[in-house]
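Let's work through a few short exercises together. Have the sequence and the 3D view at hand, and try each task before reading its solution.

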Amino acid sequence: MKMLSTRNVITIDDLSIDDIYMIMENADSFYEVLDRELKKVPTLRGKTIINLFFESSTRTRTSFEIAAKRLSADLINFSTSTSSLKKGESIIDTLKTIQSMMIDLLIIRHSDSGVMNLITENIDVPIINAGDGKHQHPTQALLDLYTIKKSFKDFKGLKVAVTGDILNSRVARSDIKLFKKMGMDVTIVSAPMLLPENLEYFDSSYIYDIDKIIEDIDILYMLRMQFERQDRKYYPSIKEYDRFLSLNMERLKKMKKGSIIMHPGPVNRGIEISENVMNHAENFSGFKINTQVTNGVAVRMALIYLMLGST
Amino acid sequence: MKEKALILNDNDIERILKRISHEIIERNKGSENLVFIGIQKRGVPLAARIAKNIEDLEKNDLKIGRLDITFYRDDVGSKIKPVIDITDIPFEIDDKDIILVDDVLFTGRTIRASLDAIIDFGRPKTIQLVVLVDRGHRELPIRADYVGKNIPTSRDEFVEVKLREIDKIDMVTICQSEQR
């Protein structure tokens, strides 16, 4: 019997609300394992997991690797450079080869949006999407939700401002969908050039000036400027970004008590968050960027367990 | 599940726990080196009650931890437990006499998993097992040091333990399970 309602986790919509609550509740137990001196439990002994990263990543890949190893699963890293692979056909060949090695779970990151669907149609192994192009990054959204859960009693009605490069961000797409699913009040803060054309997809209110809501929000979620995904210059100058969208000390002081600041990392110092704020980050208990990283391992452990720990 | 017979009521349980508390003190010649670990879920309140009894008798403070053994099961997946309870052992166990507490001893696999879990936390001096009910049918060479009540059962029966901390009532019943 499966523990999750879905076999693959490609987009946030694959997960039901019950699934999400189950992952959130279990993440605490996995977090506890990370706190022990002997950071290992034998639960997924003998299970084989492949990290298949067609796009480079250190943070996400390492986070999944640590999560798998803490559960005693065998994780193998398989990196490929897209330049050596032709699109489409070769991906499937690669996957069929790997599938023949009798593996239990695939964690895949690829630079093409929507390639995951192609993969699920051609392969029989459960898949976790670790990020596909600009499309989705569901595990990032889950760890963000868990971070929020640890700071607030209830999701319903929490005011969150998702700020920055929405257009190029798979994190934005997964996060906004998930936050809305759990009943949070989402406002998008961005410049017109950083927004996708179909803003209705997000079903959220939109403003371009962060100062308009900085005092009301419970959560300030800063997105990373996706320079590597931008094929042209999306903003006139860093100064303009700073004027409307970035977090500096002045804005930080305006935020209300109990509010938190999040960022998927790594932070572009001086762009999304000022050098000054970053240098003093330890002084603010509301700064959750490092906590997000730790929570990421716990949430990924919970997800891998729920996907593999069933017959 | 259909209830077949009431085995223990609240007074019976209270007396059993008092008796076990005395046995523990007797066998360990006091309580100085004792720590308690309750197996989630119902081992936890039982451990708390026994520890409190001993504290009242010995005038000391005892440490109590909670252990969920889902990560150490030998049958991951076949028995669905979607939500894992918390494991919280906030003390050193090296060289301690651990009083491990569970509600029902059956095949012994839960205890086997608990031993594996505890060993990962350190090297205790001894591990002593307390169970409220021993219902037989061991599949592994595991035995309890302190038993509340021996209840012979058949395989298709089910021993249901209810405790006021979780179920608002104290009682132990035998039930007929519909499917096993």
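**Exercise 1.** Find how many bridges join strand 3 to strand 4 of chain A, and which way the two run.

*Solution.* Start with strand 3 of chain A, residues 105–110: four bridges join it to strand 4 of chain A, and the two run parallel. Strands here are DSSP runs (E, at least two residues), numbered from the N terminus, while helices are runs of H or I with at least four residues. Two strands pair if DSSP finds at least two bridges between them. Next, look across from A:Ile107: opposite stands A:Ile128 in strand 4 of chain A.

A note on the model: it is predicted, with local features needing pLDDT of at least 70 and side-chain atom pairs counting only at pLDDT 80 or more, while totals for chains, interfaces and linings use all residues. Residues are numbered from 1 along each chain as its sequence is written, with chains lettered from A and ligands numbered from 1 in the order in which they are written.

**Exercise 2.** Work out which strands stand at the edges of this sheet.

*Solution.* First, write down the order: the open sheet of four strands in chain A reads 2-1-3-4, with parallel pairing. Strand 2 (74–79) and strand 4 (127–132) of chain A each have a single partner strand, so one side of each lacks a neighbour in the sheet.

**Exercise 3.** Identify the strands of chain A that bridge to strand 8.

*Solution.* Strand 5 (residues 159–163) of chain A runs parallel to strand 8 and is joined to it by four bridges; here A:Thr163 partners A:Met222. Then take strand 9 (residues 260–262) of chain A, also parallel, with three bridges to strand 8; A:Leu220 has A:Ile261 as its bridge partner.
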